[in-house]
Amino acid sequence: MRPSSFKVFLAIFGLLIAKPTFAQQDPYYTHFRFNQPAYNPASIGDTDSSIGLSAVYHGQWKSTDDQSSLYQNVAPTTINFNIDGQILNKNNHDPIGAIGISVVDDKLGYFKTTTMTLQGAYFVNLNEGYSRIVFGSEVGFIQFGYVRDDSFPSASDQTLDLGMGMMLRHKRLTHTIKDLYLGVSMRHLNAPVFELKFDTSRSTLWYYSPAIYFTSGAEIITSKPQLVIEPAILFKYTGKFQMDLNVMARYNNTFRGGLGYRQFGTTDAMSLMLGYIRGGMQIGYSYDITLSRIRTVSSGTHEIMIAYDFRFM
């Protein structure tokens with residue numbers, strides 16, 4: 001869940017008084033299984049001998065729009081793009097690490113955040129490559145600002161952002177469970193702070209608190225080989241707890257369908273998810289049914305995910 005329209009009102013009202021302080025949050029994704037570099041640098045390079053691309057468009061609370069000029073277009077919109085690839089040992093071509101770039105453009109009302117992050121990972125291969133422990137780190141640049149029109153002054157600030165993560169991958173746990181992963185990460189280690197200065201007497205402070213993520217997922221092979229179950233879970237803590245769950249069924253390695261659930265304080269949303277796979281390409285669509293009180297002014301949330309693995313060996 002993201003800041004409400006009431007919080008946007010408080011922020012803008014705060015521009016007219018002393019120097020209030022507001023907390024920022026990372027955007028959330030229903031397809032969190034497919035764009036893990038957005039919150040864990042240790043997830044990059046997960047597919048051997050390929051360059052991975054993924055992109056997500058997230059349009060939240062699409063009909064949220066009050067009649068007043070203050071609240072127009074408050075619904076969050078997020079675009080995330082990730083690219084990563086493995087680093088190979090020059091002697092035996094075994095993967096020893098990975099590098100990647102993650103870009104996020106996030107808009108909430110008149111507030112806009114753009115993040116570009118460089119990520120690196122180091123692999124510790126175990127059991128002749130059947131298991132892998134990955135240590136990841138990231139250095140990013142965040143620009144945050146308020147942009148409206150000539151009737152109200154704009155302001156922005158930028159700062160450095162640091163993060164780290166770790167992930168365990170296991171190709172096969174039992175004869176029915178494969179591609180298991182467990183990940184933990186911490187973002188905004190340096191607690192970035194932004195000061196939006198509108199003139200010599202008016203400014204506001206915004207900040208990111210360190211965010212802790214835990215993720216896990218696997219593939220479960222059923223009695224029918226063409227049907228695979230894909231459960232995934234994400235826990236997030238930033239002073240407040242958030243949980244995301246989804247379970248999808250993949251049929252004949254071509255079609256996906258499933259459900260998701262999100263809890264942020266109280267119940268937030270239920271998701272309907274569909275997907276299509278063809279070779280190295282994956283396409284996903286989800287529709288979040290809002291269950292919180294904001295459902296009275298929201299028609300739900302749409303999300304589109306596209307991922308592609310380019311094989312180079």
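## Nonpolar surface patch

In this predicted model, a nonpolar surface patch covers about 890 Å². Its members are Y122, F135, M166, L168, L182, V184, I212, F214, Y237 and F241. Three elements each give two or more residues to the patch: β7 (155-172), β8 (177-187) and β11 (211-221).

M166 is one of the patch residues. M166 sits in strand β7. Its relative accessibility is 37%, so M166 counts as partly exposed; that class lies between the 20% and 50% limits.

## Largest pocket

The largest pocket holds about 1100 Å³ of space. Its lining takes in 38 residues. Closest to the pocket centre are D46, T47, E219, Q282 and D309.

Elements giving two or more residues to this lining are β2 (50-59), β6, β7, β8 and β17 (301-311). By class, the pocket lining has 15 charged, 13 polar and 10 nonpolar residues.

## Enclosed cavities

The structure contains four cavities of 30 Å³ or more. The largest cavity offers about 260 Å³ of space. It is lined by 27 residues, and D26, P27, Y29, A38 and R187 are the closest to its centre.

Strands β4 (95-108), β5 (111-126), β6 (131-146), β12 (227-237) and β13 (241-251) each give two or more residues to the lining of the largest cavity. That lining divides into 13 nonpolar, eight polar and six charged residues.

## Shared elements

Some strands recur. β7 and β8 each give two or more residues to the nonpolar patch, and both do likewise for the lining of the largest pocket. β6 contributes to the lining of the largest pocket and to that of the largest cavity.

Conventions
Residues are numbered from 1 along each chain as its sequence is written. This is a predicted model: local features need pLDDT of at least 70, side-chain atom pairs count only at pLDDT 80 or more; totals for chains, interfaces and linings use all residues. Side-chain values use heavy atoms; hydrogens and water are left out. On a 1 Å grid over the protein atoms alone, a cavity is a set of points where a 1.4 Å probe fits but cannot get out, and a pocket is an open set with protein on both sides within 12 Å along at least five of seven lines; lining residues have an atom within 4 Å of a point. Grid points are joined across faces, edges and corners, and a volume is the space filled by probe spheres set on the points. Helices (H or I, at least four residues) and strands (E, at least two) are DSSP runs, numbered from the N terminus. Ala, Val, Leu, Ile, Met, Phe, Trp, Tyr, Cys and Pro count as nonpolar, Asp, Glu, Lys and Arg as charged, and the others, Gly among them, as polar. Patches are made of residues with over 30% relative accessible area and no salt bridge: like charges are joined within 9 Å, nonpolar side chains (Val, Leu, Ile, Met, Phe, Trp, Tyr) within 5 Å. Accessible areas come from the Shrake-Rupley method with a 1.4 Å probe; for residues, only the protein chains shown count as cover. A salt bridge is a side-chain nitrogen of Lys or Arg within 4 Å of a carboxyl oxygen of Asp or Glu. Buried means under 20% relative accessible area, exposed over 50%, partly exposed in between (1.4 Å probe, protein chains only).
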